[in-house]
Structure formats: C-alpha cells, structure tokens
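I open this entry with a sheet and one residue in it, and I keep the notes in the order in which I looked things up.

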Amino acid sequence: MHNHPSGDPSPSEADLSMTKEIQKGCKYLGLTLHDHIIVGAGTELSLRGLGKI
C-alpha cells in the first residue's frame, strides 16, 4: 500500500512494474501477494480489483 500525493490513485507504469517484480519475489519465496492498494484524495484503488494481480 502506498499513497499518491497528487490525489489520483491511478496506477503508474512504475507501480505496475514494481508490483510484477514483487510478485516474482513472492513466488520465489513461496509467498502470496494479495493486493497492491494505492490511496489518493479520499479514495483508494486495488490492483487486484483491476485484475492486475
């Protein structure tokens, strides 16, 4: 989970790329990445909810 100070919780390419790298590391370690949540101005966005995980 992290915030976007701009207030727009839309995932950037860097957010998506980093999430894929974290997923690879989790798989290697036998862990499950459940979600990546981005918080904006009064709202949040789930990459799992978007089908990105």
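Is Ser 46 buried, exposed or partly exposed, and what is its relative accessible area? I note before answering that this is a predicted model. I find a relative accessible area of 24% for Ser 46, and because buried would require under 20% and exposed over 50%, I enter the residue as partly exposed.

I then looked up where the residue sits, and found Ser 46 in strand 3, which spans 44-46. The sheet is open, has three strands in the order 1-2-3, and shows mixed pairing. Strand 1 (2-3) and strand 3 are its edges, each with a single partner strand, so one side of each is left without a neighbour in the sheet.

Next I followed the pairing of strand 3 with strand 2, residues 37-39, and recorded it as antiparallel, with three bridges. Within this pair of strands I see Leu 45 of strand 3 standing opposite Ile 38.

I went back to Ser 46 for its contacts and, leaving aside residues up to four places away in sequence, I list Asp 35 and His 36. For His 36 I noted a C-alpha to C-alpha distance of 6.0 Å from Ser 46, across a separation of 10 residues in sequence. For Asp 35 I noted a polar contact, side chain to side chain, with Ser 46 at 2.6 Å.

My last look was at the backbone nitrogen of Arg 48, which I found 3.3 Å from a polar atom of the Ser 46 side chain.

Technical notes. Residues numbered from 1 in each chain as written. Predicted model: local features only at pLDDT ≥ 70, side-chain atom pairs only at ≥ 80, totals over all residues. Heavy atoms only, no water. Pairing = 2+ DSSP bridges. Helix = DSSP H or I, 4+ residues; strand = E, 2+ residues; numbered from the N terminus. Buried < 20%, exposed > 50% of the residue type's maximum accessible area, 1.4 Å probe, protein only. Contact = heavy atoms within 4.5 Å. Polar contact = N/O pair within 3.5 Å; in protein donor to acceptor, adjacent residues only side chain to side chain.
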